[in-house]
Amino acid sequence: MKKYIFILFLLFAFFVNNLFSQNNELKLWYKQPTKQWTEALPIGNSRLGGMIFGDPARERIQLNEETFWAGSPYNNNVPEFRNKLPEVQKLIFEGKEKEAENILNEITSSINGMPYLTIGNLYLNFPKHENYTGYKRALDLRTAIQTTEYIVDGVIYTRETFASFADNVIIIHISANKANSISFTTGYETPLEKHSISAKGNKLILKGNGTDHEGITGLLRFENQTQINATGGKIKAEKDKITVTNANAVTIYISIATNYVNYKDISANESKRAGNYLKSATDKTYGELLTRHIDHYQKQFNRVELDLGKTPASEEETHIRVRNFKNTDDPDLVNLLFQFGRYLLISSSQPGGQPATLQGIWNDQLLPPWDSKYTININTEMNYWPAEVTNLSETNEPLFSMLKDISVTGQETAKTMYESEGWVTHHNTDLWRVTGPVDAPFYGMWPNGGAWLSQHIWQHYLYTGDKEFLKEYYPVLKGSADFFLGTLVEHPEYKWMVTVPSLSPEQGPPGNKTSLIAGSTMDNQIVFDALNNALNAIKILSTEDKDYINKLEAMIDHLAPMQIGKHNQLQEWLADVDDPKNEHRHVSHLYGLYPSNQISPYNQPTLFQAAKNSLLYRGDMATGWSIGWKINLWARLLDGNHAYKIVTNMLSLVENDNKNGRTYPNLFDAHPPFQIDGNFGYTAGIAEMLLQSHDGAVHILPALPDVWKKGSVRGLVARGGFEVSMEWDNNQVENLIVKSGIGGNLRLRSYVPLKGTGLKDAKGSNPNPLFQTAHIKTPLISSEVNPQYPLLYKTYEYDIDTEAGKVYIFERY
């Protein structure tokens with residue numbers, strides 16, 4: 001037995017060390033400085049963000065702090081709404097949707113949310129550094145360090161910049177290979193009207209106030225304390241700048257803080273906060289700061305490795321690789337963008353902080369696109385799709401914290417606007433956790449944003465099996481379900497219980513002059529998840545509330561089924577009016593396919609095929625974030641080649657002569673403009689092509705494209721707490737290692753037969769409750785069509801009972 005265990009250990013060590021010994025550089029790099037913001041390189045530690053431009057003569061570091069927004073505590077509830085609600089519902093049911101919209105337009109709030117703000121820019125001006133050679137700037141994803149190197153008059157200059165995860169400040173370290181060679185002047189510029197800049201000794205201080213917006217007074221303040229420590233040379237302060245002369249090495253510490261405590265409290269002392277962060281950091285040497293930062297970051301980043309192979313194309317500069325991707329063989333660029341998404345999530349969402357916004361934590365404007373707030377009819381949700389599957393579960397915590405907040409503020413909205421129990425949030429929120437409708441009714445009259453967000457709580461439970469977590473957040477799930485129990489209305493024609501007024505995000509049925517409807521397919525799918533997952537949570541937590549269970553079950557029974565329409569499509573609305581030529585960016589009715597698990601090829605094959613037809617009708621080109629969604633959807637459709645086609649649409653460079661560019665030179669996703677959700681959707685999509693666990697089993701290589709003939713991945717996570725590593729060749733899995741985090745039955749699904757100790761053929765449903773499939777109503781099928789069935793590969797399914805902490809090794813039979 002000891003010999004057998006030792007052999008297993010050697011196999012495991014050999015597999016991991018050899019499969020992943022190829023240390024891909026994982027660097028974004030360029031031979032020229034930045035010309036525009038979407039070429040600058042992002043750094044962040046969740047709280048602080050910086051964009052590094054890398055100009056030798058005039059370095060620019062654009063700065064953000066995650067709690068610096070416009071406005072102050074407020075709400076955007078519309079009390080008049082409840083008085084108009086019955087009339088609006090009646091008009092919609094009568095087919096007079098535009099009249100209903102006109103009524104809502106008259107009472108719509110003029111407050112559409114507060115924008116996320118920039119702090120400003122730190123500039124470092126280096127005299128006579130305009131003429132340089134040997135230039136290179138890079139962002140190392142393995143260390144989260146940005147580096148700029150160049151030569152002036154034979155001297156090699158190096159700048160290293162990072163946002164320290166361990167010490168909560170931004171660090172810039174400047175060195176040269178010749179003594180007394182570093183001289184520069186540093187100062188701040190900011191677009192904020194209310195600000196002051198002062199310098200004393202070796203400290204530069206920028207103070208500023210947040211802006212007023214849409215009648216809400218800006219009451220947030222920030223203080224940016226910047227300290228410069230030099231080895232050798234001199235430091236001189238002058239009014240609003242500091243000059244360093246003839247130094248050997250320089251370390252710059254940037255500490256920023258605001259007076260924000262939470263959405264209803266702005267009583268903090270920003271000066272004291274910034275000072276405390278600064279003092280703690282300056283007590284350490286640069287070497288200590290660097291080591292602490294890397295160690296902290298790599299505990300998360302190093303959990304996942306992906307190897308799709310390398311070719312000579314990978315030696316080119318990053319933006320050139322993107323430009324050439326469709327016409328070259330560069331599989332490692334797929335990996336680079338995949339890991340860049342993980343880097344961005346780590347850098348913009350850590351426990352104790354705010355969730356990643358529409359631009360993560362990076363924004364250089366006072367009025368950014370869509371205010372860079374939280375758009376929760378797809379975008380914020382997409383930000384967190386990679387969190388569990390790419391082994392970054394803790395990055396969810398800011399989202400969960402916000403859910404607690406909006407489940408409180410949303411109670412007031414539910415009472416004030418709908419006279420309902422529970423809580424509701426519409427399609428946007430911000431730092432102040434507003435939950436009323438944002439924007440005109442055409443876009444904002446959608447009461448499902450909070451319900452969709454709350455499904456991340458349920459998914460976290462499925463990945464971790466953490467009952468204490470589920471118990472803590474059960475009130476959020478229940479409150480979301482309670483809102484629907486109190487507001488769904490019976491449709492007079494169909495007799496199903498539906499949301500009204502609502503919409504299918506950002507578009508209406510063909511021919512309608514408004515988006516307003518009753519009971520869109522996406523609404524029905526989200527309501528099903530909200531009610532069903534609350535019901536499942538009650539049963540798991542053994543909550544004795546039979547009356548409530550009966551209410552949930554009765555309402556679920558009265559929801560609308562999904563429908564297959566006259567084009568053999570999944571209908572987007574209750575009526576069969578879909579236009580097969582509609583290429584709208586939102587594919588909202590496919591929520592049930594992804595991220596939900598309501599559409600299964602094995603349990604509902606005709607519905608699965610109808611969803612595929614709908615996606616084909618939508619087309620392959622879209623905005624950046626929509627492309628991110630489509631990668632996941634095609635992966636769920638088990639079509640790796642089509643998913644890869646969408647990947648190639650994403651990896652197209654934004655430049656003047658390319659109207660279909662969807663990736664900026666710095667690998668930010670382009671709507672356009674920049675939206676970070678596309679980066680996160682892409683990363684989740686690559687993982688979904690390699691591993692799925694939503695449909696009753698851990699499916700190995702479910703959507704592997706032909707072009708990824710050989711490769712390996714380590715550290716992806718499946719529901720049930722299983723960490724999966726594998727190697728494949730000739731597009732078939734060769735070796736598989738699964739670490740069981742919490743024990744329980746592991747059901748494997750594979751396109752090739754597997755062997756391994758303890759494996760047995762699977763029978764019946766998976767007994768592991770974390771793999772429960774969705775029990776939906778049988779879809780209705782148009783009388784004008786014969787339902788279509790998908791062509792599916794033969795699969796092999798196996799079970800093995802696992803123990804927590806143990807590793808299990810399998811191979812192709």
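Start with helix H18, where Gly 640, His 642, Ala 643, Tyr 644, Ile 646, Val 647, Thr 648, Asn 649 and Met 650 are buried. This is a predicted model, and in it H18 (residues 640-650) is mostly covered, with nine of its 11 residues buried. So what does the covering? Among the elements that cover the buried residues of H18 are helix H7 (331-348), helix H16 (605-618), helix H17 (624-636) and helix H19 (677-690).

H19 is a handy bridge to the next stop, since this helix also lies across S17, strand S25 (711-718) and strand S26 (722-729), running at about 100° to S25. Those strands belong to an open sheet of six, in the order S17-S25-S26-S27-S33-S29, with antiparallel pairing. Its edges are strand S17 (305-307) and strand S29 (754-755), each of which pairs on one side only. At the S29 end, two bridges join S29 to strand S33 (residues 807-812), and the two run antiparallel. Look there for Leu 754, which stands opposite Arg 812 in S33.

There's another open sheet to trace, this one with nine strands in the order S1-S6-S7-S8-S9-S16-S13-S12-S11, again paired antiparallel. Strand S1 (27-30) and strand S11 (195-200) are the edge strands, each pairing on one side only. Ignoring direction, neighbouring strands in this sheet are turned by 15° against each other on average. Over at the S11 edge, six bridges tie S11 to strand S12 (residues 203-209), and these strands run antiparallel. One pair to pick out: the bridge partner of Ser 196 is Lys 207 in S12.

Two helices pack on this sheet. Helix H4 (residues 270-282) touches S12, strand S13 (221-231) and strand S16 (249-258), and its direction makes about 150° with that of S16. Helix H5 (residues 286-301) touches S16 too, along with strand S7 (145-152), strand S8 (155-163) and strand S9 (170-176), and makes about 50° with the direction of S8.

Last up is a helix pair. The axes of helix H14 (residues 521-541) and helix H15 (residues 546-557) come within 10 Å and cross at roughly 150°. Angles over 145 degrees count as roughly antiparallel, so that is how H14 sits relative to H15. The crossing of H14 past H15 is left-handed. On the H14 side, the contact is made by Phe 528, Leu 531, Asn 532, Ala 534, Leu 535, Ile 538 and Lys 539, while H15 brings Tyr 548, Ile 549, Leu 552, Glu 553, Met 555 and Ile 556. Sorted by class, this contact has 10 nonpolar, one polar and two charged residues.

Conventions
Residues numbered from 1 in each chain as written. Predicted model: local features only at pLDDT ≥ 70, side-chain atom pairs only at ≥ 80, totals over all residues. Heavy atoms only, no water. Pairing = 2+ DSSP bridges. Helix = DSSP H or I, 4+ residues; strand = E, 2+ residues; numbered from the N terminus. Axes fitted to C-alpha atoms, helices over the stretch in contact; angles between N-to-C directions. Contact = heavy atoms within 4.5 Å. Parallel < 35°, antiparallel > 145°, perpendicular 65-115°, else oblique. Left-handed = near helix turned anticlockwise from the far one by under 90°. Nonpolar A, V, L, I, M, F, W, Y, C, P; charged D, E, K, R; others polar. Buried < 20%, exposed > 50% of the residue type's maximum accessible area, 1.4 Å probe, protein only.
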